[in-house]
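Please open the model in your viewer, and keep the sequence panel beside it so that you can select residues by number. The tour begins with the whole chain and then moves from one selection to the next.

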Amino acid sequence: MTSILSVLIYLILAPIAGGLLDGADRIISARMQGRMGPPLLQPFYDLKKLFSKQMIAVNSVQLLLNLSYLVFLAASGAILFGGSDILMCLFVLSTADMFLIMAASSDSSPFATMGANREMIQMMAYEPLTLLIAVGFYLCTGSFMVRDIVAAPVSAIVRMPGMLLGFLFITAVKLRKSPFDLSTSHHAHQEMVKGLTTEMAGPTLAIMNIAEYYEKILLLGIVAMFVLNRSWQSWPLAVIACLIFYFLEILWDNVSARVKWKTMLVSCWTTTLLAGGLNLLILMLIR
């Protein structure tokens with residue numbers, strides 16, 4: 001019953017919480033750049049405007065693929081917050097990303113196609129570490145089940161600090177923040193217009209934005225897993241850790257310049273090898 005309630009809370013509140021985080025992101029980024037910035041609720045005003053526009057799609061399949069991207073992201077988060085298998089959660093998350101790539105590739109725009117190609121490269125960059133993190137949780141607790149991981153006597157971060165550091169690195173890729181905003185950008189400095197979202201407009205673009213809000217909360221949920229344990233005191237600490245984690249992503253976004261895809265790929269794999277691989281090796285030795 002508790003798992004069902006957690007899933008319902010996630011499905012209902014995650015878009016709201018994700019939108020508020022996006023609004024806070026815009027305000028903090030603006031202040032870092034010496035600007036006032038938009039109001040906190042600006043993402044919701046944008047969604048209202050997008051949904052009020054006429055439904056125009058470059059083809060009949062793009063809307064379906066975007067909806068699939070949203071549904072699979074929501075399903076991935078439901079698996080996580082329902083306390084189920086973290087490995088299955090990550091597999092469903094990867095499937096969601098594939099639907100986004102297919103949505104961008106479904107039209108003839110060269111910018112969208114290039115964005116889809118770069119998104120595929122980004123998946124190649126961050127997927128190895130996400131799988132290592134699942135294995136790391138298993139070595140720490142003996143289970144892939146989220147409910148068992150968060151009920152462990154000791155927080156996973158004690159044994160997996162390298163994994164968390166690596167996850168901080170690849171989350172910038174997944175959130176498409178500088179220096180890894182290669183496939184599409186939330187700012188106006190993308191050299192290929194908007195990449196993935198070039199041909200998305202109106203309700204189609206709104207659906208993608210909502211999916212991104214689900215993804216923000218999902219990724220922060222994984223961060224919370226590093227901190228949570230059977231003690232109730234770990235819950236407020238997990239919330240604080242998530243807020244600090246997200247602030248560091250915003251800070252990194254505003255102080256770094258975009259890199260080339262080769263640099264991104266090499267740096268992510270190097271981080272996976274050093275932070276994730278060494279941490280995994282240590283876990284295997286101390287079991």
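Begin with the charges, and select the charged side chains of this predicted model: there are 19 positive and 16 negative ones, and the centres of the two sets lie 4 Å apart.

**The whole chain**

Switch now to a cartoon view, in which the chain shows ten helices and zero strands, so that the order of elements, read from the N terminus, is α-α-α-α-α-α-α-α-α-α, since only runs of DSSP helix and strand are named here. If you turn the C-alpha trace along its principal axes, you will find that it spans about 55 × 45 × 40 Å. The radius of gyration of the chain is 19 Å, which agrees with the value near 19 Å that a compact globule of 287 residues would have.

Next, show the surface, of which the chain exposes about 13,200 Å², with carbon and sulfur atoms supplying 73%. Of the 287 residues, 51% count as buried. If you display contacts between residues at least 6 apart in sequence, 77% of them join residues at least 24 apart.

**The annotated spans**

Colour the stretches that the unreviewed UniProt entry lists as "transmembrane region", namely residues 6-24, 125-146, 152-173, 213-229, 235-252 and 264-286. Two of these can be compared with the model directly. Residues 213-229 are 88% helix and 0% strand, and the C-alpha atoms at the ends of that span lie 26 Å apart. For residues 235-252, the span is 100% helix and 0% strand, with its end C-alpha atoms 26 Å apart.

**Helix α8 and the loop before it**

Select Glu215, which belongs to helix α8, residues 202-227. Is Glu215 buried or exposed? Because its relative accessible area is 1%, Glu215 is buried, the cut-off for that word being under 20%. Leaving aside residues up to four places away in sequence, Glu215 touches Tyr69, Leu73, Leu93, Asp97, Lys174 and Arg176.

Move from Glu215 to Arg176, one of the residues that Glu215 touches, and you arrive in the loop between α7 and α8. Arg176 is buried as well, with a relative accessible area of 2%. Its phi is near 55°, a positive value in a residue other than glycine. Most residues other than glycine have a negative phi, and most peptide bonds are trans. With that in mind, look along the backbone to the peptide bond from Ser178 to Pro179, which is cis, with omega near 10°; Pro179 also lies in the loop between α7 and α8.

Stay in this loop and select Ala201, which is found there too. Ala201 is partly exposed, with a relative accessible area of 39%. A distance drawn from Ala201 to Arg26, C-alpha to C-alpha, gives 21 Å, and the two residues are 175 apart in sequence.

**Where distant parts of the sequence come together**

Select Leu205 in helix α8, and show its partners Leu50, Thr197 and Met200, a list that leaves out residues up to four places away in sequence. The C-alpha atoms of Leu205 and Leu63 are separated by 9.2 Å, although the two residues are 142 apart along the chain.

Then select Met55, in the loop between α2 (42-52) and α3 (62-81). With 42% relative accessibility, Met55 counts as partly exposed. Beyond residues up to four places away in sequence, Met55 touches Leu63, Pro203 and Thr204. Which distance separates the C-alpha atoms of Met55 and Thr204? These atoms are 7.6 Å apart, while the residues are 149 apart along the chain.

**A last stop in helix α5**

Finish at Phe137, whose place is in helix α5, residues 110-141. Phe137 counts as buried, at 0% relative accessibility. Show the residues around Phe137 and, not counting those up to four places away in sequence, you will find that Phe137 touches Gly142, Ser143, Ile149, Ala156, Met160, Ile222, Met225 and Phe226. Finally, draw the distance from Phe137 to Val150, which lies 13 residues away along the chain: the two C-alpha atoms are separated by 9.9 Å.

Notes: Residues are numbered from 1 along each chain as its sequence is written. This is a predicted model: local features need pLDDT of at least 70, side-chain atom pairs count only at pLDDT 80 or more; totals for chains, interfaces and linings use all residues. Side-chain values use heavy atoms; hydrogens and water are left out. Helices (H or I, at least four residues) and strands (E, at least two) are DSSP runs, numbered from the N terminus. The radius of gyration is taken over C-alpha atoms; the globule rule is 2.2 Å times the number of residues to the power 0.38. Buried means under 20% relative accessible area, exposed over 50%, partly exposed in between (1.4 Å probe, protein chains only). Contact means heavy atoms within 4.5 Å. Accessible areas come from the Shrake-Rupley method with a 1.4 Å probe; for residues, only the protein chains shown count as cover. Lys and Arg count as positive and Asp and Glu as negative; His and the chain ends are not counted. The place of a charge is taken as NZ of Lys, CZ of Arg, CG of Asp or CD of Glu. UniProt positions are given in the numbering used here, feature names are shortened, and annotations may be inferred rather than shown by experiment.
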